[in-house]
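Subject: The structure I promised you

Hello,

Here is the structure we talked about, ready for you to open in your viewer. Have a look at it first, and then read on for what turned up.

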Amino acid sequence: MSPTRSAQRIVRDVVFVDGVRTPFGKAGEKGIYAGTRADDLVVKCIRELMRRNPSLPADRVDEVAIAATTQTGDQGLTIGRTAALLAGLPRTVPGFAIDRMCAGAMTAVTTTASGIGFGAYDVVIAGGVEHMGNHPMGAGADPNPRFMSERLVDPAALNMGNTAENLHDRFPAITKDRTDTYAAASQAKLAAAYANEQIQHDLVPVATMKPGQGWTLHTTDEPPRPGTTVEDLAELRTPFRAHGRVTAGNAAGLNDGATAAVLASAEAAEELGLPVKMRLVSYAFAGVEPEVMGIGPVPATEKALKNAGLGIEDIGLFEINEAFAVQVLSFLDHFGIADDDPRVNRYGGAIAVGHPLASSGVRLMNQLARQFQEDPSVRYGITTMCIGLGMGATVIWENPHHADYASSTSDQATTAATAVTEGAAA
Amino acid sequence: MSAAEFQKLAALFPDEIVTHSYVQDIQLPGGAGTFALITLDNGLDHSKPTTLGPNTLVELGGVLEDLKDRASRGEIVGVGVTGKPYFLVAGADLSAVKTLKEREHGLWMAQLGHAVYATLADLGVPSFAFINGLALGGGLEIALQSTYRTVSTGAGALALPEAFIGLVPGWGGVYILPRLVGPENAVKVMIENPLSNNRTLTGPQAFELGVADAIFEPADFVEQSLAWAASVITGDVTPDRNNAVDPADQGVAARWAAAISAGRAFVEAKTSNASPAPAKVLDVMEANRTMTQADSAALECETLAGLMQTDEFRSTVYAFLDLVQKRSKHPAGAPDRKLARPVTKIGVVGAGLMASQLALLFARQLKVPVVMTDIDQARVDKGVAYVHAEVDKMLAKKRIKPDAANRTKALVTGSVSKAVFADADFVIEAVFEELHIKKQVFAEVEEIVSPECILATNTSSLSVTAMAEDLKHPERLVGFHFFNPVAVMPLLEIVRAPKTDDAVLATAFELAKGLKKTAVLVKDAAAFVVNRILLRLMGEVIAAFDEGTPAEVADTALRPMGLPMSPFTLSAMVGLPVAQHVQESLHAAFGERFPVSQNLQKLIDNGVKSLWVPGPDGTPVIPAETLAIMSFGNTPSTGEEVLRRTQDALAEEIGLMLEEGVVAGPEDIDLCVIMGAGWPMFLGGITPYLDRVGASERVNGKRFLAPGVASAPA
């Protein structure tokens, strides 16, 4: 029998089974993970996933894709493979490292999900890590001088804070006051979500030991500043520009943390009795000018919606990474969504919880999955984020708790085939 | 008693490297409450184990008393103890304990441990030990005194080695362990393991025995232990303690007595009760079956205080810490290791049993090609086949993996032509013990090898200096004396002949390290160290026998020393002809100090392999026909006389060896007999024993070691 030809190939449904993360820490000597290795953080996540999903035999994991922006030191040596070995997965389970800066974990998910759709994998683990204390952003990088000599990219665009100020320049309607108001709301929403036990469920406790202090256990995020007011934020200095708008209060901090998720084909999930928290509908990445990288989610989302045959009005929940408040607001303004729309970042966002670069994508997915479960009236949601050097990433997910979910999965092959065509045309 | 009352003891140790007790409050998962986790940490890396000295214990005691107060105020629901990576805590600081001069100070030390551990057991809330790594003696007793225990699958070296060290597990271990894991397992852990090369338990073994209630993998050991503690506190989990016993139960009382009796038999077989500690462990365990824990504690303290003052304890600390752990890693007199040359191929002249054992050892440990030669193909094939068969045995026992087996087998080849040595860096001979044969072999090898190639001899009795005489490059010859069985015995005597150069010697020491052997530098003197001492000892006993001392008296006279086997058994094991051959060399070198027994020669001539043979009921007897071969004098000695004469002979011989400069000092003599003859550490090797019984003073007018080195401080 000859191999299946591409025209006859059936694209399989991909489901998000489960996701966890470590509590996020503040980068630096005083942070909770100072002295803790990045790979160990990933290992805790993988082991927790395996414990939480006992019906998943470890040897059924077909791939471990772990993202890190800086792939040296404790994030080096092909971290997906080393983490798999260190986590005690069978040696037959392969792994690799992946990098798309802030969208690392998100790309780990989409890349392995594509492999599932294609039939290469049944079950995968995808996630990311960034220990920004051990690996300051851009450390060890050697940008090509042509970026400057040929003015390919404004050197200022290599500093993310500058790109956020640039975004304010482009959209004068987004004032510092709006960003501070948004940031204060993010802190408040996270505090409320913590109070409602909506965050804790997906956190892996991490024990660390520091000299002169002994072992302790971290079960909550370190960065949040509950009770932050707009007035507090107005006081902060603007480090990227004198009299600028971007502050430490309306941007995500420098953080340490790791995430990981289990994805599976719909068939494998059913076979192994794994829960289905979300179904992957479509995804897209898009490039923008590096100088205004924060606008990246706009074209990425438009492309992902087009791939899915959906409109922005079909999206009931948004998990958008808050690298900077201005970047979120530029997205909301573009799509005509109010700054305080309840569909957006219900549990707050990275401004409050932190953004360990390559890990954040799966955090967005964990939170969207939980909101899907809480709100069966919502059919579709997106996870989206901006990416350094001018990119955006968007993944559209469907809520399995929605009444119409069953009917949609029955004609999946058709949907998928259509999506392929549309994607190619986009 | 509060730990603070022991400040006077702590003050005796101003230089103690303190292991601190750091406390962190932890919110347990599932709303189980606030948990205080103590980490024992000396702030140093993993090469410096955490230990329990008086200052450490006083600090821990204070911390526990504070936590007890907090528990009484309802602020905490449990207390945990764990350690820095790889260690829970290594145990009592033996170097410190060894220096305790006053019995009373030892008693304080024992009582301090109990005062601290009693608090751990009486906090008002449950206590948990998370055994993350090594836990020996007092380290494991912290865990035993806790209400619950978890252990890491990665934890190695869990033990109560006190019987080996010369103490008893007297910080509660001897009381708690038999109740927790059953009397038989307790005897195994407290007696059999310590007296079997100080064997220890792994985490999984400890869990299997019931020492720990739960076991978790190292990757998230602390997290999982805390989660488990939470579920115990909330009542969701109750540990099964299937091996735990109630000593009041009649059936248990019988088991207890049987285990004690089996333990006593084991101790007698292993040590002839030459050291007091193992029997004391069993005495305390036997007595405490019907005691309260407090009464047992008092008995434990008194017993510990007594044993801390024994020279057997101090000699063991000297032998174990100063010699085996330290001196063996830094051989006295070894040249700078930077002078060592790489060894990438090894030649072995001969393919007999010794040669084949050497080839296997080199190939396994050094992982370089090893080529054996012999005079005909059949011998060569037999030698290579022996190595391959030994590798296959290891493979069958799963001691090595198939790839490693293939690699080792491929490394060992043979040839009838010495031309295969052309590119070897090190060629060792293991041919017949005849000087002219060895000289001829080296002359042939020298024609083939490079001028830098090192030549080594495994001779046990010939002069290395004489062997080097006609060599073109005498500076390259070194003695490399292994002990049988080569794979097992840890000692290697490295013999420096007058012309041996430093690079050759440095290479020999590096090779020894690669072979995982303890190397001791010795001067080229007949029979070097171990055989000279063993044969002097055997010579005295056989002489007493020849003079008319009954065999059972002569052969049991040295039992108070607790040597691994009796002199007659040893000579049968070595082989009577070999023993006689070496004795003749020693007689030739040193005269009447090494008498050659005519009776022994008669046995050899008549093909007798051993004086003792199993009698009809299994007990050893000397057959009448064997006795008939021999003739005896009429000046029998008592056992005490034989022992004393042997002690004096050893003191004399060792005194002469030191005078001749055979080794750098008495410490090397001790290291040699421990590693090469398996002599017990409670003798300190041998010189501390000779000092202890007064033989050194009687014969040489002075001690070998200053007071305090392996005995009570002056």
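Helix H18 of chain B (residues 435-448) lies across three strands, namely S10 (346-349), S13 (426-429) and S14 of chain B. Its direction is at about 160 degrees to that of S13(B). Please keep in mind that this is a predicted model.

Those strands belong to an open sheet of 8 strands in chain B, with mixed pairing and the order S12-S11-S10-S13-S14-S15-S16-S17. Strand S12 (412-415) and strand S17 (518-523) of chain B are its edges, each pairing on one side only. On average, neighbouring strands are turned by 25 degrees against each other, direction ignored. As a reminder, strands of a sheet pair through backbone hydrogen bonds, either parallel or antiparallel. Strand S14 (residues 454-457) and strand S15 (residues 477-482) of chain B take the parallel option, over 3 bridges. If you want a spot to zoom in on, Leu455(B) has Leu477(B) in S15(B) as its bridge partner.

Another helix on this sheet is H16 of chain B (residues 377-396), which lies across S11 (370-373) and S12 of chain B and runs at about 175 degrees to S12(B).

For a name to go with this region, UniProt has an unreviewed entry that places "domain: 3-hydroxyacyl-CoA dehydrogenase NAD binding" at residues 345-524 of chain B. That span is 42% helix and 21% strand, and its end C-alpha atoms lie 26 Å apart.

Now to the interior. The largest nonpolar core has 367 residues, and Ile494(B) is among those with the most contacts inside it, along with Val42(A), Ile66(A), Val109(A), Leu263(A) and Ala359(B). Helix H21 of chain B (residues 530-546) gives the largest share of this core, 11 residues. Which residues does Ile494(B) contact, leaving aside its neighbours within four places in sequence? They include Val478(B), Phe480(B), Phe509(B), Ala512(B) and Leu521(B).

One last helix is worth a look: H27 of chain B (residues 639-660). Its 22 residues reach 31 Å from first C-alpha to last, close to the 32 Å expected at 1.5 Å a residue. Several of its residues are buried, including Leu643(B), Leu650(B), Ile654(B) and Met657(B). What covers the buried residues of H27(B) includes H21, H22 (551-556), H28 (666-677), H29 (687-692) and H30 (695-700) of chain B. Just after H27(B) comes Gly661(B), with a positive phi of about 75 degrees.

Enjoy exploring, and do write back with any questions.

Best wishes

Notes
Residues numbered from 1 in each chain as written. Chains lettered and ligands numbered in written order. Predicted model: local features only at pLDDT ≥ 70, side-chain atom pairs only at ≥ 80, totals over all residues. Core = buried A, V, L, I, M, F, W, Y, C linked by C-beta atoms within 7 Å. Buried ≥ 20, exposed ≤ 12 C-beta atoms within 10 Å, placed from the backbone. Helix = DSSP H or I, 4+ residues; strand = E, 2+ residues; numbered from the N terminus. Contact = placed C-beta atoms within 7 Å. Pairing = 2+ DSSP bridges. Axes fitted to C-alpha atoms, helices over the stretch in contact; angles between N-to-C directions. Expected span 1.5 Å × (residues − 1). UniProt positions renumbered as here; feature names shortened; annotations may be inferred.
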